[in-house]
Structures are given as C-alpha cells and as structure tokens.
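Let's take a walk through this structure, strand by strand and then out to where the chains meet. Keep the viewer open as you read.

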There are 2 protein chains.
Amino acid sequence: MDTLTAIRTRRSVRRFEDQPVEQETIRTILEAGFCAPTARNLRPWHFIVLRDMEVRRELSKAAGNLSRLVDGDCVIFVCGDREVQEREEFILEDGAAAVQNMLLAAHASGLGAVWCGIRTEKDLHEAVRRPLQLPPNILPVAFIVLGHPSEHPEPKNRYDESKVHWDRW
Amino acid sequence: MDTLTAIRTRRSVRRFEDQPVEQETIRTILEAGFCAPTARNLRPWHFIVLRDMEVRRELSKAAGNLSRLVDGDCVIFVCGDREVQEREEFILEDGAAAVQNMLLAAHASGLGAVWCGIRTEKDLHEAVRRPLQLPPNILPVAFIVLGHPSEHPEPKNRYDESKVHWDRW
C-alpha cells in the first residue's frame, strides 16, 4: 500500500474477526515499531506481545480503557525504560512514534488496530505492572489492540486550516 | 512509495540542498499530520510552518537543539492546546504521532527531515513562546526541519529481540 494512502485511510478499528494474526505479520509490525526515531537515538522501548487470554483478562480488570485488552487477537504493549531515557516526555513521545509506525504497518498489512493510551497516574501504572511483571524502571506508555478487522471505517479528511499558522501564531 | 518501505528506509536527515520545498508538498505533509489518531479524538494540535528566516534566527538563539531551526528550507512546529486536551501526556503523544506521520509523508515525497524534541522545562517553553507569539494554553511539543536532502543515510535494521517480550516481561 502506498505510504500517503496508508496515512490517509488508516482509522481506528475496534471490531475484529475471530481469526488469528499470523506470527510473521506481528514480526513485521514490531519491526516497524523499531524503525521509529527516538530522542538522542536511545531507543528506550520494550514491546510486550500479549496473546494469552488469561493475562489479558487479569489486566483488563485494572481500570479505564484496559477493558479493550480482551478485544482483538493480539495486543502489543509499548513501554519505555527510564534507565535508558530519563526524561518522561521523551519516553512518551518515543513510544507514540513507535505506536504510529505499528498502526500504519498493521493497516498496510490488512489488519485493524486501535491505540489505547495509558494515563500516567501511579496507581494505574501499578495495576498494569503487576500482571505484566514489569520491573520498576519500565514505564507502560500505550497498547495496541490488533486483529483482522470486521469493520472498515471510511477515511476522513481532517485537515483544518484554522490550526495551521504561518511564521507565527 | 510502499508503506513498509517508507517506514524501513526513513532516517533522520540533517543536511539539505539550498532548494525550496514546494507549497503543495508542505500541504501534503500537514495533511498527514492531521491524519494521526489522538486521545479521545480531541485533535489538540496546532502546526506552525516557519519559512521566515528572521523568526527562525530569533528562535534558534533560545537554547539546546533550537539551533537546528535555521537548517533546511522549512520548519514545522507542532503544538498542543491544553484547553482542548488537559492531560500533558496525551498532548505529547498526540503531537508525536502527528510528527511521525509527517516524517513518513516527507520521506515518501522525496524530502529529508529531522524531528527535534522540545524539553518540557518552563524556561525553554517561554523562550519558544515569545517569538512565536504562542498563547499561554499552547504547549510546544516538537519541531521538524524539512528540506531537499543532501545526505541519504542507509536504512538500518533496528529489530532487537531482547526488547520483545511474550505475554509477560
């Protein structure tokens, strides 16, 4: 799929067929994550691929949008290592860039996906940390729910001239 | 350019030809930014396109990597509106997703680009805010320096098995 087409037609997909995602496609998507740029090229990410429904069910009880963890065939958790990148803003941005690459790679591979953010509250992080057995230096940033799509939302043109400024505000 | 190829071959470009970027290409790149997903679909971004060298020179004196602002033909500043999205972590992540889309769109359009992060220190934000005349609710997240590339860094395979975990850490 052409790059600009992939960017323009990618939409969040939240309904999935009951059909497994091929291991090779997961590898392609992870590779796309690793291709994202990072601040000072430190690459602080870790990716946790969740297929085990027991782990996902336990996690999904934690809070908020974590209930989405049981949707789809597969979930990729994106984390950052505070010992590699000390600045939280860059862990979040590096994680988001990897997520965006993975969403585009999934879409170009014919899969559907939705990005679920994780708020930075400590208690929420703790609720995620235990079931995943995350070490204390590992910050969970977001997760992606992936699968073969059973909905195909139409592309939208979101260009908004009022949010584009020339040379100053 | 094929999506997976664009993701795999995109590298940071910091050296540029003395040749203007076409207005139409800037529009394509901005459109790509607007196609990125955002938390709760709030789309808190604002994009400031800088071509005026006087504004860029003033800004570049501010601090750190802002010196890069005078490179390239064109700079796109990515900001987020705190009145639209109150959570700073999501302003940063939404901004980063838009940046990544724009970097890929630039690469697919034959341009080179580099992502420059902005640390969240208040004094740095103030230094950026004044020359750009940003209102107090607008948070600068990052900027992209864009131009016709005069260097063509080789793609690198950055897949790192030690950073991929299955079902738990």
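How many bridges join β2(A) to strand β4 of chain A, and in which sense do they run? There are 8 bridges between β2(A) and β4(A), residues 138-147, and the two strands run antiparallel. Before going on, bear in mind that this is a predicted model. If you want one pair to click on, take A:V78, whose bridge partner in β4(A) is A:A142.

Now look at the other neighbour of this strand. β1(A) and β2(A) also pair in the antiparallel sense, here over 6 bridges. Two pairs to pick out are A:W45, with A:G80 as its bridge partner in β2(A), and A:V49, which stands opposite A:I76.

How enclosed are these strands? Of the 8 residues of β2(A), residues 74-81, 7 are buried, so the strand is largely enclosed by the rest of the structure. For β1(A) the count is 6 of 6, so β1(A) is largely enclosed as well. Turn the view so that you look along β1(A): A:W45, A:F47 and A:V49 point one way, while A:H46, A:I48 and A:L50 point the other way. Both sets are buried.

Next, follow β1(A) across to the other chain. It pairs in the parallel sense with strand β5 of chain B, residues 164-166, over 3 bridges. A:V49 turns up again here, since its place in the strand is opposite B:W166 in β5(B). So A:V49 has A:I76 opposite it in β2(A) and B:W166 opposite it in β5(B).

The reverse exchange is there too. β5(A) pairs with strand β1 of chain B, residues 45-50, in the parallel sense and over 3 bridges. Within that pairing, A:V164 has B:F47 as its bridge partner. Put together, you get an open sheet of 5 strands, in the order β5(A)-β1(B)-β2(B)-β4(B)-β3(B), with mixed pairing. The edges are β5 of chain A and β3 of chain B, residues 112-117, each of which pairs on one side only. On average, neighbouring strands of the sheet are turned by 25° against each other, direction ignored.

A helix lies across part of this arrangement. Helix α2 of chain B, residues 23-34, lies across β5 of chain A together with β1 and β2 of chain B, and runs at about 160° to β1(B). In the loop between α2 and β1 of chain B you will find B:P44. With 25 other C-beta atoms within 10 Å, B:P44 is buried. Leaving aside residues up to four places away in sequence, B:P44 touches B:T38, B:G80, B:D81, B:V84, B:Q85, B:I91 and B:D94. For a sense of how the chain folds back, B:P44 and B:F90 are 46 residues apart in sequence, yet 9.2 Å apart in space, C-alpha to C-alpha.

Back in chain A, look at how α2 meets α4. Two packed helices are described by the angle between their axes and the distance between the axes. For α2(A) and α4(A), the axes come within 7 Å and cross at roughly 145°, and the crossing is right-handed. On the α2(A) side the contact uses A:T28, A:I29, A:A32 and A:G33, which meet A:A98, A:N101, A:M102, A:L104, A:A105 and A:A106 of α4(A). By class, that contact has 7 nonpolar and 3 polar residues, with no charged ones.

Finally, zoom out to the whole contact between the chains. Chain A gives 59 residues to it, and chain B gives 59 residues. On the chain A side, the elements giving two or more residues are α1, α2, β1, α4, β3 and β5. The most comes from α4(A), with 12 residues. Sorted by class, the chain A side has 33 nonpolar, 10 polar and 16 charged residues.

How are the two copies related? A rotation of 180°, with 0.0 Å of shift along its axis, superposes chain A on chain B at an RMSD of 0.0 Å. That is the relation of a two-fold axis. As for the surfaces used, 100% of the interface residues of chain A are also interface residues in chain B, so the copies meet through the same surface.

Methods
Residues are numbered from 1 along each chain as its sequence is written. Chains are lettered from A and ligands numbered from 1 in the order in which they are written. This is a predicted model: local features need pLDDT of at least 70, side-chain atom pairs count only at pLDDT 80 or more; totals for chains, interfaces and linings use all residues. Two residues are in contact if their C-beta atoms, placed from the backbone, lie within 7 Å. Helices (H or I, at least four residues) and strands (E, at least two) are DSSP runs, numbered from the N terminus. Ala, Val, Leu, Ile, Met, Phe, Trp, Tyr, Cys and Pro count as nonpolar, Asp, Glu, Lys and Arg as charged, and the others, Gly among them, as polar. Two strands pair if DSSP finds at least two bridges between them. Axes are lines fitted to C-alpha atoms, for helices over the stretch in contact, and angles run from 0 to 180 degrees between N-to-C directions. Copies are superposed by least squares on the C-alpha atoms of residues with pLDDT of at least 70 in both. A residue is buried if 20 or more other C-beta atoms lie within 10 Å of its own, exposed if 12 or fewer, and partly exposed in between; C-beta atoms are placed from the backbone. A crossing is left-handed if the near helix is turned anticlockwise from the far one by less than a right angle, and right-handed if clockwise.
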